[in-house]
Amino acid sequence: MTDWQVTSSHWGAFEARVEDGRMVATRPFAADPSPTRIPEAVPAAVHHRLRVARPSVRRGWLTSRERAGRGSDEFVELPWDEALDIAAAEIGRVRAEHGNEAIYGGSYGWSSAGRFHHAQSQVHRFLNSIGGYVASFGSYSTGCAQSIMPHVFGIDFLSFLYSHQDGWKTICDHTETLVMFGGVNQKNAQVSMGGVTEHETEGWFGRFADKGMVRVNVGPQRGDAPEGCDWLPVRPGSDTALMLGLAYVLETEDLADRDFLARCCEGYERFRLYLLGESDGVAKSPDWASALCGVAPGAIVALARRMASTRCFITVAWSLQRGERGEQPYWMSAVLAAMLGQMGLPGGGVGYGYGAIGGVGKTMRAVGGMTLPQGINPVRRAIPVARVADMLRQPGGPYQFNGRNETYPDIRLICWAGGNPYHHHQDLNALHEAWKTPETIIVNEPWWTATAKRADIVFPATTPYEREDIGRSSMDDYLFHMPALVPPQGEARDDYDIYAGLAERLGAGADFTEGRSAAEWIAHLYEGFRAGAGDLDLPDLDSLRARNWMRLPIREDGAPRSLFRQFRADPEAHPLGTPSGRIEIFSQTIDSFGYDDCPGHPTWLPPAEWLGAATAEAPLHMVSPQPGDKLHSQLEAALADAPGARPETLLIHPEDAAARGIATGDLLRVHNARGSVRARARVTDDILSGVVALPTGAWYGDPGGQIDPNGNPNVLTRDVGTSRLAQGCSAHSALVEVSRL
Ligand SMILES: Nc1nc2c(c(=O)[nH]1)N[C@H]1C(S)=C(S)[C@@H](COP(=O)(O)OP(=O)(O)OC[C@H]3O[C@@H](n4cnc5c(=O)[nH]c(N)nc54)[C@H](O)[C@@H]3O)O[C@H]1N2
Ligand SMILES: Nc1nc2c(c(=O)[nH]1)N[C@H]1C(S)=C(S)[C@@H](COP(=O)(O)OP(=O)(O)OC[C@H]3O[C@@H](n4cnc5c(=O)[nH]c(N)nc54)[C@H](O)[C@@H]3O)O[C@H]1N2
Ligand SMILES: [Mo]
């Protein structure tokens with residue numbers, strides 16, 4: 001095979017060339033107007049020396065079931081049959097002695113694109129076939145919003161996001177003022193779960209500029225929005241204060257839409273008492289907000305007036321809820337939009353996650369899904385996903401979550417596939433202590449990631465380029481046949497085959513496979529998809545295989561989608577799914593929980609770590625955004641090989657750099673009480689003074705209690721739930737100090 005072939009990935013479609021069984025080059029997919037460079041690292045990653053070659057078992061576990069050696073022990077390579085026998089026997093033992101409630105299969109992570117070989121679906125189906133597992137709720141991406149927003153809008157957050165928000169075309173046609181809290185990040189729009197084929201953000205922002213739309217990036221970094229946008233620098237974690245300041249202007253200058261608030265909202269009066277300071281003695285005036293968020297009072301007044309006098313669309317990045325008390329900016333953005341009264345008008349109101357992934361803003365007709373059925377989980381227990389280390393630390397310990405009093409399960413065995421907790425979790429040194437609790441950790445991974453290195457049994461998994469699959473995302477208008485481009489590397493097997501081998505040994509082989517091979521499953525799922533695709537004329541699988549990809553005519557540019565269109569016209573006839581049927585500015589339900597970290601209406605609640613609480617030891621706020629050159633920690637094996645690529649680059653403002661004698665290129669130590677990492681300085685005035693940015697994605701090194709050589713920001717982040725309401729990930733709330741090394 002020497003021809004170029006198309007494949008799909010979370011970072012979009014690309015073409016790959018294969019010579020003598022090796023992927024040697026990639027090039028952009030021709031129909032992509034602004035392709036990403038992420039695929040360039042794929043060939044080196046696929047054939048990298050850090051691929052897991054054979055099933056590997058940690059020596060200390062194999063000889064004595066010892067746990068403390070995770071991360072330092074060597075591994076013993078075993079033949080597949082022997083390794084599967086050992087793993088199946090261990091799963092069987094844990095099941096018999098402690099029950100399936102002792103198995104954690106939350107296994108968070110993005111894994112790779114492709115509908116059948118989706119690692120999460122595979123591990124969940126396997127664990128269900130053997131009696132179930134402790135699952136997880138929500139995501140690191142939007143876990144906080146997934147808990148708070150249904151209380152406010154009465155709809156599942158992801159349904160709102162994907163099916164009811166205005167598309168770029170509607171925004172382009174109608175919006176006059178675009179206020180982007182946390183920006184609309186072009187680097188993040190490079191990826192989308194399941195794939196994004198035509199990268200459009202840049203094109204749309206060009207059109208917005210041409211028509212004179214005012215575009216305001218509100219946040220700590222200029223680069224969070226496309227070039228040419230206005231930048232309103234704001235301290236991380238302070239958006240709620242700024243939004244309250246804007247709301248105060250609307251209320252006191254009589255710019256609030258009182259008709260909309262009265263007809264469509266619940267509890268504005270109660271919130272108003274707080275806004276004006278009648279309930280707590282503190283007026284949330286522009287002066288008050290300015291002292292907290294750093295925006296001049298005059299700029300707050302001017303922005304509020306502009307928002308009220310033009311068609312205004314507010315977007316909120318997911319990053320704002322990935323911080324302590326992240327519920328508040330999300331809820332408050334909805335209240336601000338309600339006060340402006342434009343919800344349900346085209347190009348008006350509020351939307352979430354534009355730019356976070358490339359699929360948000362693309363509007364598609366819904367076509368049936370193509371998902372491997374996961375079966376039923378008889379163990380009815382799930383933890384909020386970002387509380388995994390708390391769970392390991394405190395078996396049986398109590399916690400509160402969205403109005404419920406729960407206890408953590410007692411986990412003895414972990415199965416992880418398609419995620420890298422030593423990349424994604426906060427306070428990695430503390431995670432590493434908690435990681436010593438379970439008796440056995442089984443990880444499926446293509447590469448020797450930080451997590452694989454800290455497992456007991458590592459099964460080498462194929463990458464998507466080594467197996468056939470179907471590529472499809474509900475946010476995209478393409479369909480791909482993803483060919484097996486190269487043979488499985490080393491002795492790697494598909495997750496499906498790994499779990500089929502384990503299920504068979506545990507007496508559940510037929511339940512897991514239903515007698516189908518991987519190829520038969522793909523054909524089965526694809527035929528189901530075809531049958532459910534209505535009037536879409538889809539080729540049979542052989543024809544799709546032959547043509548490799550096709551564009552689906554499912555764009556719905558400009559079609560009205562908003563949940564609020566009919567609602568605003570007649571809220572009695574089209575009530576929302578909230579208890580009141582309206583947008584809840586005050587929530588009786590949340591109020592009844594009695595949480596002081598998430599009261600009954602949006603409230604300014606400062607995080608424990610932000611610039612307002614800076615200390616001499618940790619005076620700088622570190623944000624840890626997604627990396628621009630890859631997806632999370634994926635492809636890191638190849639990217640880290642580039643000269644000077646590690647440690648990771650940290651952005652710092654010239655004033656903060658000068659105060660510390662730091663120049664671009666200097667090697668740094670970034671540190672706080674939780675740990676320290678190395679980083680490479682880039683001095684720039686594109687970041688607010690007092691803030692530093694260190695992207696995620698570097699593999700956690702082998703610090704042995706010392707400095708992480710690669711620059712993983714999660715050594716420094718705080719592992720605490722956003723609040724008792726949502727228990728989401730608080731990665732963006734962290735104070736650090738930076739010194740020259
Ligand atoms: N400080 C900080 N931390 C964060 C964030 C932040 O903003 N700041 N963001 C958070 C967010 S939103 C997210 S989504 C997480 C992301 O965290 P993760 O989703 O855990 O990160 P990935 O690197 O995508 O991990 C996927 C893993 O699956 C492996 N993999 C890929 N394909 C396959 C496959 O087919 N089979 C198997 N078995 N394995 C496969 C990859 O090699 C990789 O190791 O990080 C979170 N962590
Ligand atoms: N290239 C690439 N793209 C990705 C990913 C990737 O790994 N690589 N990951 C994908 C995933 S899983 C997700 S969830 C999305 C995440 O999408 P987002 O959550 O939107 O992205 P982040 O990169 O975490 O943060 C974006 C910016 O928010 C700003 N910010 C941080 N805290 C605050 C705050 O309190 N207030 C304000 N106003 N701004 C703040 C920071 O300057 C940061 O650069 O990205 C997706 N896109
Ligand atoms: Mo995410």
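This short talk goes through the two ligands of the structure above, and then its pockets, cavities and two backbone details.

Before anything else, please keep in mind that this is a predicted model, in which local features need pLDDT of at least 70 and side-chain atom pairs count only at pLDDT 80 or more, while totals for chains, interfaces and linings use all residues. Residues are numbered from 1 along each chain as its sequence is written, chains are lettered from A and ligands numbered from 1 in the order in which they are written, and side-chain values use heavy atoms, with hydrogens and water left out.

Let me start with ligand 1. This ligand is surrounded by 34 residues, and the closest of them are His424, Glu445, Asp495, Ser633 and Asn714; a residue counts as near when one of its heavy atoms lies within 4 Å. I will also speak of contacts between polar atoms, by which I mean a pair of N or O atoms within 3.5 Å; within protein, one must be able to donate a hydrogen and the other to accept it, and residues adjacent in sequence count only if both atoms are side-chain atoms. In the side chain of Glu445, a polar atom lies 2.3 Å from an oxygen atom of ligand 1, while Arg467 has a side-chain N or O atom at 2.8 Å from an oxygen atom of this ligand, and for His632 the corresponding distance is 2.9 Å. The protein covers 99% of the 910 Å² of accessible area that ligand 1 has on its own, where accessible areas come from the Shrake-Rupley method with a 1.4 Å probe and, for residues, only the protein chains shown count as cover. Two elements, α16 (421–424) and β18 (440–445), give two or more residues to the shell; helices here are DSSP runs of H or I with at least four residues, strands are runs of E with at least two, and both are numbered from the N terminus.

By class, the shell around ligand 1 has eight nonpolar, 22 polar and four charged residues, with Ala, Val, Leu, Ile, Met, Phe, Trp, Tyr, Cys and Pro counted as nonpolar, Asp, Glu, Lys and Arg as charged, and the others, Gly among them, as polar. Where does ligand 1 lie with respect to the domains? Domain 1 (56–138 + 380–473 + 484–515) and domain 3 (611–740) both give residues to its shell, so ligand 1 lies between them; the domain bounds come from an automatic or database domain assignment.

Turning to ligand 2, there are 31 residues around it, of which Asp224, Gly237, Asp239, Lys630 and His632 come nearest. Polar side-chain atoms of Gln221 and Arg322 each approach an oxygen atom of this ligand, at 3.2 Å for Gln221 and at 2.8 Å for Arg322, whereas Gln626 uses a backbone N or O atom, 2.9 Å from an oxygen atom of ligand 2. Of the 910 Å² of accessible area that ligand 2 has on its own, the protein covers 98%. Its shell divides into 14 nonpolar, 12 polar and five charged residues. Domain 2 (146–364 + 576–593) and domain 3 both contribute to this shell, so ligand 2 lies between them.

Next come the empty spaces. On a 1 Å grid over the protein atoms alone, a cavity is a set of points where a 1.4 Å probe fits but cannot get out, and a pocket is an open set with protein on both sides within 12 Å along at least five of seven lines, while lining residues have an atom within 4 Å of a point. Grid points are joined across faces, edges and corners, and a volume is the space filled by probe spheres set on the points.

The largest pocket has a volume of about 1,100 Å³, and of its 38 lining residues, Arg115, His118, Gln120, Leu158 and Met193 are the closest to its centre. Helix α4 gives the most to this lining, with three residues. Domains 1 and 2 both supply lining residues, so the largest pocket lies between them.

The second largest pocket holds about 710 Å³, and its lining has 12 nonpolar, 10 polar and 11 charged residues.

As for cavities, the structure holds five of 30 Å³ or more, and the second largest cavity, of about 90 Å³, is lined by 14 residues, including Phe313 and Phe564.

Finally, two backbone details: a cis peptide bond joins Arg646 and Pro647, with omega about 5 degrees, and Asn402, although not a glycine, has a positive phi of about 50 degrees.
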